[in-house]
Amino acid sequence: MTASIALPELAPGTWTIDPAHSTIGFTVRHLMVSKVRGRFQNFSGAVTVAEDGTPSVNAEIDVASITTDNEQRDGHLKTADFFEVEKFPTATFTSTSVKADGGDFVVTGDFTLHGVTKSVDLKLEFNGVNPGMGAGPVAGFEATTILNRKDFGISIDMPLEGGGAVVGDKITLNLDIEAGLAS
């Protein structure tokens, strides 16, 4: 891991992502004029904070848990045209550095999707720590990144007659994460 910064509000230990209070969502351009939104329903991960306060992140997404609230579209997204979930059932992220960026942070890491690993930067807002509701402290994070699906081997082209494509190449990934300190 390259040089990282410390987040002094985060106590050392493992902060486990709470999927009941977190969302991993995305948006993609559809028909060049609107956006389709979706999310992954099953995921896990943790922020591990070293004794010196340096954080690292590991996460795993069950790609088959994708939902766009449209059963037909979700079924198509799971096929070889897109995610090919039978062959590539998970996506993973492992951080390699965390750096300050003004009042926010940039978390750089290895993101693996569709069998392809690329370094990505997540723009991260740290929302602080709350004592929680009796089960220990919780921390909140919001992160975003923009990916090109073709960089990950998802290269289906569905051109429109008048130009453009049915599905855009640019995917905006949004993470709203709540994590609790394991005791």
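Select Phe26, Phe40 and Phe83 to begin with: in this predicted model, these three residues form one aromatic cluster. A search of the whole structure finds 4 aromatic pairs, and two of the pairs are worth displaying in turn.

Next, select Phe111 and Phe152, whose ring centres lie 5.6 Å apart with the planes at 75°, so the pair counts as edge-to-face, the cut-off being over 60 degrees. This contact links distant parts of the chain, since Phe111 sits in strand β8 (residues 104–113) while Phe152 belongs to the loop between β10 (138–148) and β11 (167–181), 41 residues apart. With a surface shown, Phe111 counts as buried because its relative accessibility is 7%, and Phe152 counts as buried because its value is 2%.

Then move to Phe126 and Phe141, where the ring centres are 5.4 Å apart and the planes meet at 35°, so this pair is tilted. Here too distant parts of the chain are linked, with Phe126 in strand β9 (residues 116–130) and Phe141 in strand β10, 15 residues apart, and both residues are buried.

Finally, turn to the interior space, for which the count comes to 1 cavity of 30 Å³ or more, with a volume of about 380 Å³. To find the cavity, select Val57, Phe93, Leu122, Leu175 and Ile177, which lie nearest its centre among the 29 residues of the lining. Colouring by element is useful here, as two or more lining residues come from each of β4 (43–49), β5 (55–62), β7 (90–101), β8, β9, β10 and β11. Colouring the lining by class instead gives 24 nonpolar, 3 polar and 2 charged residues.

Note on methods. Residues numbered from 1 in each chain as written. Predicted model: local features only at pLDDT ≥ 70, side-chain atom pairs only at ≥ 80, totals over all residues. Heavy atoms only, no water. Phe/Tyr/Trp six-rings, centres within 6.5 Å; stacked < 30°, edge-to-face > 60°. Helix = DSSP H or I, 4+ residues; strand = E, 2+ residues; numbered from the N terminus. Buried < 20%, exposed > 50% of the residue type's maximum accessible area, 1.4 Å probe, protein only. 1 Å grid on protein atoms, 1.4 Å probe; cavity = no way out; pocket = protein on both sides within 12 Å on 5 of 7 lines; lining within 4 Å. Points joined across faces, edges and corners; volume = space filled by probe spheres on them. Nonpolar A, V, L, I, M, F, W, Y, C, P; charged D, E, K, R; others polar.
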